[in-house]
Amino acid sequence: LELGARLNFLERLKRVLVLQGEPLVEAVIEVFEKTLPLKPRREEAFREDLTLDSTGNIVALVEVKGVSKGVTREHVNQADSHRERNGMPPEFPSLLIINTNMKNSISLADKDQTVAPEQIQHACRNNVLILRTLDLLNLASLHMSGKLTPDEVVELLTTSRGWLKVGDTVEVLTS
């Protein structure tokens, strides 16, 4: 039963790879709540916006998107304006968690599309960190397996800019 419960748990987390809109936001919240050291909080005013909390303090803002293709300049700008709407300074951490290539994905390999260098550079200039939902799941996996400590996860999510590309290893790409 233990193994079955664990498989069901992991299967449920994988929903972030196929959802969009409100169900995607709910699924992203679940990944954070069940597997990562930062606690998500939903903002009432804006449906796709979250904050991440560490020991009672907001440490990052999050914009969640599900899109049929890849990351665009507009998505990065939305994560940036989310910070502005909240009256946070430009250096305050802002994450764009994006479920990409939803229309054409049949396999995980289809989901594993790179983020264009110009979008990574735009994210760096705007102090935004891009994570595809695939990267989020891989980050959760590295944390659950003990390969990343809670402090390392928090540091990655609150100090990195550009694209947090997570597979068997973690890379912060800035161009």
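User: In this predicted model, in which sense do strand 2 and strand 3 pair?
Analyst: Happy to start there! Strands of a sheet pair through backbone hydrogen bonds, either parallel or antiparallel. Strand 2 covers residues 49-54 and strand 3 covers residues 57-66, with six bridges between them. One position to look at is Asp53, which stands opposite Ile58 in strand 3. The sense of the pairing is antiparallel.

User: Which strands stand at the edges of the sheet?
Analyst: The sheet is open, has seven strands with mixed pairing, and follows the order 1-2-3-4-5-6-7. An edge strand here has a single partner strand, so one side is left without a neighbour in the sheet. That description fits strand 1 (39-42) and strand 7 (170-173).

User: What angle does helix 7 make with strand 5?
Analyst: Let's place the helices on the sheet. Helix 2 (residues 21-35) lies across strand 1, strand 2, strand 3 and strand 4, running at about 150 degrees to strand 1. Helix 7 (residues 150-159) also packs on the sheet, where it touches strands including strand 3 and strand 7. Its direction and that of strand 5 (128-132) make about 120 degrees.

User: Is Ala60 buried or exposed?
Analyst: Ala60 is found in strand 3. Its contacts further off in sequence include Leu50, Leu52, Phe92 and Leu95. The C-alpha atom of Ala60 is also 6.4 Å from that of Thr158, 98 residues apart along the chain. Because its relative accessibility is 0%, Ala60 counts as buried.

Key:
Residues numbered from 1 in each chain as written. Predicted model: local features only at pLDDT ≥ 70, side-chain atom pairs only at ≥ 80, totals over all residues. Heavy atoms only, no water. Pairing = 2+ DSSP bridges. Helix = DSSP H or I, 4+ residues; strand = E, 2+ residues; numbered from the N terminus. Contact = heavy atoms within 4.5 Å. Axes fitted to C-alpha atoms, helices over the stretch in contact; angles between N-to-C directions. Buried < 20%, exposed > 50% of the residue type's maximum accessible area, 1.4 Å probe, protein only. Lists of a residue's contacts leave out its neighbours within four places in sequence.
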